[in-house]
Amino acid sequence: MKHCPRCNQRYEDQDLNFCLNDGELLQELETSDAPPTLFMDPPRTTRENWAEPQSVPTSQGQQIYGYQQPQQMYQPPMSAMANTVADSTMPTISLILGISSWVLMCCYLGFPLGAAALITGFIGYSRSSKDPQRYGGGSMAIIGMVLGGISLVLTILFVILGVFGQIIGG
Ligand SMILES: [Zn+2]
């Protein structure tokens, strides 16, 4: 099947190359149903996204909706991106403090750093569990809390053992 792009006349004859009415070069027409249905799909999905068309009641509604449609189409991906870039500052700080409390445990810095890691980890974890849309890094906060907590306990043990050692030694 061929058709003329100028007058839309259809020709069954495959050997025909030019329109009999206006001499326009004929174009091949797809006979399968696939292209038309594919073409119908996108408008249908965008119509579903329109969900709340009554929010902007104007006389030129149709024209305005035509322009608003792209904006509404872009909103879901943007909010999805905001979810992935949720604020995980506190968990990150907690993790860094937790690790550095281990590194600096020998200098008795495990105590303040471990305590700070515990506090920031707790804040970060409670935030991410209450409002996971805005705050992330819950698992990072847990690691920070565990690292900080262990080094805190170990530092206290070292201090106690050191004091005992001095008592016993002295
Ligand atoms: Zn024609």
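I began with Trp102 and, leaving aside its neighbours within four places in sequence, I found it in contact with Leu147 and Ser151. I keep in mind throughout that this is a predicted model.

**Entry on Trp102.** I looked up where this residue sits and noted that Trp102 lies in helix H3. Trp102 and Leu147 are 45 residues apart in sequence, yet in space their C-alpha atoms are 7.3 Å apart. Is Trp102 buried, exposed or partly exposed? I counted 18 C-beta neighbours inside 10 Å, and because a residue is called buried at 20 or more and exposed at 12 or fewer, Trp102 counts as partly exposed.

**Entry on H3 and H5.** I then turned to the pair of helices, H3 with residues 89–103 and H5 with residues 138–169, whose axes come within 7 Å and cross at roughly 30 degrees. Angles under 35 degrees count as roughly parallel, so I recorded H3 as roughly parallel to H5. The crossing in which H3 passes H5 is left-handed. On the H3 side I listed the contact residues as Met90, Pro91, Thr92, Ser94, Leu95, Leu97, Gly98, Ile99, Ser101 and Trp102, and on the H5 side as Gly138, Met140, Ala141, Ile143, Gly144, Met145, Leu147, Gly148 and Ser151. When I sorted the residues of this contact by type, I had 11 nonpolar and 8 polar, with no charged residue.

**Entry on the core.** Which residues of the largest nonpolar core touch the most other members? In this core of 15 residues I found them to be Leu97, Leu113, Ala116, Ala117, Leu118, Ala141 and Met145. The elements that give two or more residues to the core are H3, H5 and helix H4, which spans 110–130, and H4 supplies the largest share with 6 residues. I followed Leu97 further and, not counting residues up to four places away in sequence, saw that Leu97 touches Leu113, Ala116, Ala117, Thr120, Gly144 and Gly148. Of these residues, Gly144 and Gly148 also appear among the H5 residues that make the contact with H3.

**Entry on the whole chain.** Last, I stepped back to the chain, which has 5 helices and 3 strands, and whose elements run β-β-β-α-α-α-α-α from the N terminus on. Of its 170 residues, 21% count as buried. I also noted that, among the contacts in the chain with a separation of 6 or more, 57% are accounted for by residues 24 or more positions apart.

Methods: Residues are numbered from 1 along each chain as its sequence is written. This is a predicted model: local features need pLDDT of at least 70, side-chain atom pairs count only at pLDDT 80 or more; totals for chains, interfaces and linings use all residues. Axes are lines fitted to C-alpha atoms, for helices over the stretch in contact, and angles run from 0 to 180 degrees between N-to-C directions. Helices (H or I, at least four residues) and strands (E, at least two) are DSSP runs, numbered from the N terminus. Angles under 35 degrees count as roughly parallel, over 145 as roughly antiparallel, 65 to 115 as roughly perpendicular and the rest as oblique. A crossing is left-handed if the near helix is turned anticlockwise from the far one by less than a right angle, and right-handed if clockwise. Two residues are in contact if their C-beta atoms, placed from the backbone, lie within 7 Å. Ala, Val, Leu, Ile, Met, Phe, Trp, Tyr, Cys and Pro count as nonpolar, Asp, Glu, Lys and Arg as charged, and the others, Gly among them, as polar. A nonpolar core is a set of buried Ala, Val, Leu, Ile, Met, Phe, Trp, Tyr and Cys residues joined through C-beta atoms within 7 Å.
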